[in-house]
Amino acid sequence: MTRFLTALLGAAATSDRGMTTGEPGGPARRAWSEVHEQARQAAGSLVTVGGVAPGEAVAVLAAEPVQIAPAAQAVWLAGGSVTMLHQPTARTDLPVWAAETVRVLKMIGAGLVLLGPPFDPLAGLLREHGVGFLMLDELAGGPPLATPVEVDESATALLQLTSGSTAAPKAVQITHANLYANLSDMAAASGLDPALDVLVSWLPLFHDMGMVGFLTLPMTVGAELVSVTPSDFRSRPLLWPELISRYRGTLTAAPNFAYAVAARQLAHAEPGSLDLSSMRFALNGAEPIDPDAVAAFVSAGAPFGLRPECMVAAYGMAEATLAVSFAPLGCGLEVDRIDAEQLEAHHRAVPVGAPVPDRPTRRFPLLGPPLPGLEVRVVDEAKVLSEREVGVLQVRGEAVTARYLTVAGPVSTLDEEGWLDTGDLGYLVAGQVVVCGRVKDVIIMGGRNVFPTDVERAASTVDGVRAGNAVAVRLTAGERLPGERGATRRETFLVVVESRRAGDPDAEREVRRQVNAAVVSAVGVRPAEVVILAPGSLPKTPSGKLRRTATRELLRR
């Protein structure tokens, strides 16, 4: 039996901890031993009714953690691998979603979808496309699987679909060895104590942070979990800190935008209504970290006992299973302030002790040292770079996947020495990782590297722009501006923002003026154009991140 399955079964047999779901309407708790018994029954049905064979990919389309937990474990007990499908929303074009889903299922070789609420009505659509499925409630009641199906460490445990900045689907192949390594490393780096810690999460389980970090990890080590859905958080963001307060949560995680949302909610919460003093590990990851958003969250949470040192900046990616680095415990958010000109023109991170008038600086969070089983280095085209030299980040270790599955077939992710090119620009300082931006998104103007996040944060400060809904779109020489106004003669960029003032010509004109001024003030260059869209127009990934490439395609259309 693999190390991952051994740990999973060990937690089920010995732990009295479990998962609470159903908040805020009807909370219910199940011990991990109960989840395991459900999983054994479901695994028996998967083998006898579903015909799942060792090594087979099984897709899951469901929203409720109470159903996903035993379903995922059942697939692993039956010797299969789990793929969480991207979920349609109210605005999804269902025929397009169905075609893309069929394409994904063929890519990963999955012949079976496990379907659960609220997606039961999609059964007919799957049937029309010849997709085999079982309803999750049909898996209960059968004879339990006596023993797990034997697989080895190289067997696939998860096929994590990428967030999808392009139209081509891709799945990261995570083996049992990859998964066990990253789970062990994260538990060690976070100081996780299954007997004491309580994890609280609303993260989507089709995203690696939710599936690996806030379902598989507590289920494998036997830690207490309180889990709700993203829609629960979106409909009432204050639910997140309320659950931390109610259940004495000690660990949580979210992308940066969620901390910004929570800060606004906490600022209006009734004094004395919450107690956040139990929180010791609040991870911020999955998207660029804005120090101002973190400061606002910490400030808004302070009256409720939130300690600033609980904040943990992190770096991760599905290709490393989940986590690459965690900031040291108890330090809070630490920021490296560097000279902007040295960064943009000379690719060096030269520290600046304090802001200096007329000397532009950039602030980047320190993301901590690599987790125990991983290595990180910085390279350019010719060599490995030294500390504070900016280049491409590479990562190596047992948690790093060896290949992608694509529509064209498997693709290796590693070079001959086992290094994965992350596609991120960054540097190392005192052993800690710093990320500056994505290589493909960097805008080169006048020999300078302009980072989209700097542009987007500046645009988001403008009154009338929806916070966190600004995208800098790179245009290379020869590309046309929106409206076929002619091709650009050099590399430049557009700024695309959402605003409730869209459609009012005078208001739009003022928003454009202010966005231009804010961007010039922040980065010293002017966008070729500012495009204003109505709220809800910008393309986003299923996990809520803005999609720059898709925004470019939207403008072209």
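Biologist: Which residues lie nearest the centre of the second largest pocket, and how many line it?

Modeller: H347, G391, V392, L425 and V439 lie nearest its centre. The lining has 15 residues in total. Keep in mind that this is a predicted model.

Biologist: How is such a space found?

Modeller: Rolling a probe the size of a water molecule over the atoms shows where empty space is left. Here, the second largest pocket holds about 320 Å³ of space.

Biologist: What classes of residue make up the lining of the second largest pocket?

Modeller: Nine are nonpolar, three are polar and three are charged.

Biologist: One of those central residues, G391, brings me to the strands. Which strand starts at residue 391?

Modeller: That is strand β18, residues 391-397. It pairs with β17 in the antiparallel sense, over six bridges. For a single pair, take E375: its bridge partner in β18 is R396.

Biologist: In what order do the strands of that sheet run?

Modeller: The order is β17-β18-β21-β22. The sheet is open, has four strands, and its pairing is antiparallel. Look next at the edges. β17 (374-379) and β22 (432-438) each have a single partner strand, so one side of each is left without a neighbour in the sheet. From one strand to the next, the twist averages 50°.

Biologist: Now the sheet with β26. What is the strand order there, and what is the pairing?

Modeller: Three strands make an open sheet in the order β25-β26-β27, and the pairing is mixed. β25 (465-475) and β27 (529-533) are the edge strands, each pairing on one side only. The twist averages 25° from one strand to the next.

Biologist: Where does the mixed pairing come from? Which way does β26 run against each partner?

Modeller: Take the two sides in turn. β25 and β26 run antiparallel and are joined by seven bridges. On that side, V465 stands opposite S499 in β26. Strand β26 (residues 492-499) pairs with β27 in the parallel sense, over five bridges. There, V495 has V530 of β27 as its bridge partner.

Biologist: How do I read the two faces of a strand?

Modeller: In a regular strand the side chains alternate between the two faces of the sheet. Apply that to β26. One side carries T492, L494, V496 and E498. The other carries F493, V495, V497 and S499. Both faces are covered, with all of these residues buried.

Biologist: Why is β26 called largely enclosed?

Modeller: Eight of its eight residues are buried, so the rest of the structure largely encloses β26. V497, which lies in this strand, has a relative accessible area of 0%. Buried means under 20%, so V497 qualifies. The chain also brings a distant residue towards V497. A534 is 37 residues away along the chain, yet the two C-alpha atoms are separated by 8.4 Å.

Biologist: Which residues lie on each side of β4?

Modeller: Strand β4 (residues 81-84) has S81 and T83 on one side, V82 and M84 on the other. All are buried, and both faces are covered. Its partner β3 (residues 57-61) runs parallel to β4, with four bridges. V60 faces M84 across that pair.

Biologist: And β11: are its residues buried or exposed?

Modeller: Buried. In β11 (residues 251-254), L251 and A253 lie on one side and T252 and A254 on the other, with both faces covered. β11 pairs in the parallel sense with β12 (residues 281-284), over four bridges. A254 stands opposite N284 in β12.

Biologist: Now helices. How far apart should the ends of α4 be?

Modeller: Count along the helix at 1.5 Å a residue. The 15 residues of α4 (residues 94-108) should span 21 Å, and the end C-alpha atoms are 21 Å apart, which agrees. The buried residues in α4 are W97, A98, T101, V102, V104, L105, M107 and I108. Just past the helix, G109 has a positive phi of about 75°.

Biologist: What span does α2 reach?

Modeller: α2 (residues 32-48) has 17 residues and reaches 24 Å from its first C-alpha to its last, close to the expected 24 Å. Its buried residues include W32, V35, H36 and A39. A42, A43, G44, S45 and L46 are buried too.

Conventions. Residues numbered from 1 in each chain as written. Predicted model: local features only at pLDDT ≥ 70, side-chain atom pairs only at ≥ 80, totals over all residues. Heavy atoms only, no water. 1 Å grid on protein atoms, 1.4 Å probe; cavity = no way out; pocket = protein on both sides within 12 Å on 5 of 7 lines; lining within 4 Å. Points joined across faces, edges and corners; volume = space filled by probe spheres on them. Nonpolar A, V, L, I, M, F, W, Y, C, P; charged D, E, K, R; others polar. Helix = DSSP H or I, 4+ residues; strand = E, 2+ residues; numbered from the N terminus. Expected span 1.5 Å × (residues − 1). Buried < 20%, exposed > 50% of the residue type's maximum accessible area, 1.4 Å probe, protein only. Pairing = 2+ DSSP bridges. Axes fitted to C-alpha atoms, helices over the stretch in contact; angles between N-to-C directions.
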